[in-house]
Amino acid sequence: MAAAGRPGLAGLFAVYKPAGVAWGRVRDAVETRLLRELNAAPVRAPRQRVRFLPAPAPGGGGAVELVAARVPVLADHPLVRGPRFKKLKIGAGHRLDVKASGVFVLGVGHGNKLLTDLYNCHLTKVYIVGGLFGKATDDFSDTGNLVEKTTFDHITREKLERILAVIQGTNQKALLMYSNIDMKTQEAYELAVKGLIRPMGKCPPIITAVRCLHFALPEFQLEIHCLHETQQYLRKMVHEMGLELKSSAVCTQVRRIRDGVFTVDDALPRTQWNLQSIQEAIQNCQLKVETELEKTLGHGKSSPLYQLGGDTAEHALAAAEYDRDVMDSRRKEVNCSSLPPFP
Amino acid sequence: RRGLGAAAGPPSTRQLREAEEAAPVFQYAGKAAKRKDRVFVWGFSYSGALGVPSFVKPDAGWKKPRRIQGTPYRLETEEKISSAACGYGFTLLASNTRDITKVWGTGLNKDSQLGFQRSRRDQTKGYEYVLEPSPIPLPLEKPQQTRVLQVSCGRAHSLVLTDSEGVFTMGNNSYGQCGRKVVEDEIYSGSHLIHQLKEFDSQVVQVVCGQDHSLFRTKKGSVYACGWGADGQTGLGHYNITSVPTKLHGDIAGVNIIQVSSYGDCCLAVSDEGDVFGWGNSEYLQLASVTETTQVNVPRHLPFKIGKVKEAACGGTGNAVLTEEGNVFVWGYGILGKGPNLIETAVPEMIPPSLFGCSDFSPNVRVARVRCGLSQFAALTNRGELFVWGKNLRGCLGTGRMEDQYFPWRVTVPGEVVDVACGVDHMVSLVRSFT
């Protein structure tokens, strides 16, 4: 798998997952397309070797003489070897369920190591959630079995915003409580003032901000910033908002527009799932990802960025320094050994 | 409908759609549904101040006595409560109604601060602890026309402000805080006496109780005081007891005062121009910006450069003011709300608005009201959220935890908080439901 580690194809990129498709299929589809293009690339010319092949003698009548001929080695023939790349290591970031759509981060090659680090950064994700008043279903979406129908003409935008304010308030409290900081310290106070308190470990789904984008009875649309959530949790939240407003609501659309540092602008639509676009996407996002990881996790010799051996200037410098040290020490050894033995 | 011969199967899309359209529609709230007004209480319950008798004397076998109610608990009231006040172990709730019963009291009644509550076991004696909000009989001339505007509670006395019949005072009068002459060896327990005060230069619009003194603010902007004065909290220029409400002078003479506040032994007043005046106890640096003495018995102007002040709140050892822009400034001694490192300051320090929920995402959040208990602070935002901080004495902060809170913390109340009253170890909030 020598050239699968080619420098262009290691890193993180985002893909726009359409609704109605499982995330596994999207990952497989991207892998298949990349493999197809990589295998379609022109291969090296097959090795040649000199073979002595029997050829009819000029004399005539059945005599065979050996003639030197340069023939390609059959072992290098594509039909013998098979496709050059059979599998690619493509890992998925935060998953999206079948009914949801939006930004879906994938890592390829060595970039998979960055996926765990991005997960540990606990960055917020932004969703656009669309809802519909008047119905309640068993799986909280508009395609489920109907449970109840209610009136909704008493709902106003002001009431909805009040509920959203309370949701934000309780989730802010949860944010502070799960961040495992002792509330009695000055450090906790300063972090709370700056708004930098964030749980860095396991915690239940927390919503950091909600906003109503669009309100036209019976439909409404919310922008939700959250952590550690699942899409079904967001649908359940829409259902509970309906209950709180003394009516009922179902969720019609869950669309992720931002996952950490990747936004919808960085996500590739299905028409661009090819090698060229993916390589460009990886290049464009590399700097953003590195700055975010450094900011949150800190930079050190043990950080995976260093081990990735990417081609940023810092790493080149550090690598050069390391090489120089090695060369110096080796030169010292050589000099010592070239000294004539002490007579 | 399928005939008997057709096989069963999952319902088709058309059948599902028809079933959905034929389903009945339920109505839970009509278009004119009004938001309901509720009262939530939390804190120490054994004094009866929370008004829930089953916390003190369980009425079912499985219930256990609850010493501290750590989170907001709904108190069912018959009428809509428009004003509430917390004293030292007792609570007064008042409604704006024209019915005969306008004020209810619950909690400690050892000094008849809740009026005379006739005991059912012995008709001649009164209850010393009232466990449920019980009506307080006020000697009104026109009980079906007068409305109660506001109530206020101190350590062992309470004041009730009406719109046309002056101020009613009841409770302990050993320092003249009820506005009547001090009677030697008076027994306050089981007393029927409720005094009425009417002699002010204009109609009284706000009554405030300090620990053992009373302040009255009139429509013309002047302030009257009576009660204990050993710390100068009456502001009348001496350190003696005053048993008749007397007008204050000093730096507030001629100034139109729009709000007065007190809970311990220090008092603050805000003028219509946004200036702050203070008098009373200054042992905890409350008035250290103008004087080094520990007692100030004449109102002094506090030259703070923090902008136009809208509202002031006095606690036992710390004070807070709210400016027109919606910022909260604190000073004094104790847990002031800026982390454990700020224990005392003589100059007001601002609490960062981000602690009240103001951020880039929601920049319009402002603090609308600020209130003080004895060693706690409470702030209400314009979004109806309640933030508390300070010493968590017997769970009075309502956060659900027993630890002190060094910076503003949200209290989860199922509704929009309209007003809050802070006491020594309990709090009462007036809340409107969301929908």
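**Helix crossing in chain A, a strand residue in chain B**

Mentor: In this predicted model, helix α3 (residues 112-121) of chain A and helix α7 (residues 275-297) of chain A have axes that come within 10 Å and cross at roughly 55°.

Trainee: Why are α3(A) and α7(A) called oblique to each other?

Mentor: Angles under 35 degrees count as roughly parallel, and 65 to 115 as roughly perpendicular. The crossing of roughly 55° falls in neither range, so α3(A) and α7(A) are oblique to each other. The crossing is left-handed.

Trainee: Which residues of α3(A) meet α7(A)?

Mentor: On the α3(A) side they are A:L114, A:D117, A:L118 and A:C121. Their partners in α7(A) are A:V289, A:L293, A:T296 and A:L297. By class, this contact has 6 nonpolar, 1 polar and 1 charged residues.

Trainee: What makes B:M350 partly exposed?

Mentor: Buried means under 20% relative accessible area and exposed means over 50%. B:M350 has 31% relative accessibility, which lies in between, so B:M350 counts as partly exposed.

Trainee: Where does B:M350 lie, and what does B:M350 touch?

Mentor: B:M350 belongs to strand β23 (residues 344-351) of chain B. Leaving out residues up to four places away in sequence, B:M350 touches B:N327, B:V328, B:F329 and B:K338. B:N327 is 23 residues from B:M350 in sequence, with 6.9 Å between their C-alpha atoms.

Trainee: What does UniProt list for residues 34-304 of chain B?

Mentor: An unreviewed UniProt entry lists "domain: RCC1-like" there. Over residues 34-304 the chain is 1% helix and 41% strand, and the end C-alpha atoms are 43 Å apart.

Note on methods: Residues numbered from 1 in each chain as written. Chains lettered and ligands numbered in written order. Predicted model: local features only at pLDDT ≥ 70, side-chain atom pairs only at ≥ 80, totals over all residues. Heavy atoms only, no water. Axes fitted to C-alpha atoms, helices over the stretch in contact; angles between N-to-C directions. Helix = DSSP H or I, 4+ residues; strand = E, 2+ residues; numbered from the N terminus. Parallel < 35°, antiparallel > 145°, perpendicular 65-115°, else oblique. Left-handed = near helix turned anticlockwise from the far one by under 90°. Contact = heavy atoms within 4.5 Å. Nonpolar A, V, L, I, M, F, W, Y, C, P; charged D, E, K, R; others polar. UniProt positions renumbered as here; feature names shortened; annotations may be inferred. Buried < 20%, exposed > 50% of the residue type's maximum accessible area, 1.4 Å probe, protein only.
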